Amino acid sequence: MQHEAHAQHTGHDHTAHDHMGHDHAAHGHAHGHQAHGGGKVGWSMAAKATLHCLTGCAIGEVLGMIIGTALGWGNAPTMALAIALAFLFGYSLTLWAVLRAGVGLKAAIGVALAADTLSITVMEIVDNGVLLMVPGAMDAHLADGLFWGALAFAFLVAFLITTPVNKWMIGRGKGHAVVHQYHH
């Protein structure tokens, strides 16, 4: 325990296992003042938070597109389902991690909402905007290279734009910085 307190006060990044056995490196969480908005936030931490967000968004979006396409839905309802599932999976990944840290369900939901709402929103606006701008992407089928190529490009652009947003939020003790306090 003293080691953890020392790590928090010195700002050292100890990303191994804490006393509860949580693997912070696997979740992109770090200890120290940087994780809580008390110091300079590195791009690496922001990129890890964005990658976490992107993972949930990608799972939800791809699943929504697969379901909408399989059911023969048009672009608008398919995109709406994909966005809804992106939020659901994005929040669920954080919720699962916070629940594993022993936080009650009501508090964990609050943490997930506080940690991910802006990040997921920015990511969804950007990646869906990119998909709308790529000629033919919205009409491509799951078996088309254009579908997967446009989606990968959209996720890349969303990652590049959302990372500075997450860096800014973490630096102010918001976004994924909220999640870090539950991993000690």
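How many disulfides does the count come to? Zero. Keep in mind as you click around that this is a predicted model.

**Stop one: the cysteines.** Select C53 and show its side chain. C53 is in no disulfide, and the nearest cysteine sulfur belongs to C57, 4.0 Å away. Now add C57 to the selection. C57 is in no disulfide either, its nearest cysteine sulfur being that of C53. A disulfide needs the two sulfur atoms within 2.5 Å, so this pair at 4.0 Å doesn't make the cut. Switch on a surface and look for them: C53 has 2% relative accessibility and counts as buried, while C57 is buried as well, with a relative accessible area of 0%.

**Stop two: T50.** Next, pick T50, which you'll find in helix α3. Is T50 buried or exposed? With a relative accessible area of 0%, T50 is buried. To see what surrounds T50, select M123, F159, T162, T163 and N166: T50 is in contact with these residues, leaving aside its neighbours within four places in sequence.

**Stop three: out to the surface.** Select L63, I67, L71 and W73 and colour them together. These residues make a nonpolar surface patch of about 350 Å². Zoom in on L71, one of the patch residues. Where does L71 sit? Its place is in the loop between α3 (43-70) and α4 (75-100). L71 has 55% relative accessibility, and because the cut-off for exposed is over 50%, L71 counts as exposed.

Note on methods
Residues numbered from 1 in each chain as written. Predicted model: local features only at pLDDT ≥ 70, side-chain atom pairs only at ≥ 80, totals over all residues. Heavy atoms only, no water. Patch = residues over 30% accessible without salt bridge, like charges linked within 9 Å, V, L, I, M, F, W, Y side chains within 5 Å. Areas by Shrake-Rupley, 256 points an atom, 1.4 Å probe, with all protein chains shown as cover. Salt bridge = Lys/Arg side-chain N within 4 Å of Asp/Glu carboxyl O. Helix = DSSP H or I, 4+ residues; strand = E, 2+ residues; numbered from the N terminus. Buried < 20%, exposed > 50% of the residue type's maximum accessible area, 1.4 Å probe, protein only. Contact = heavy atoms within 4.5 Å.
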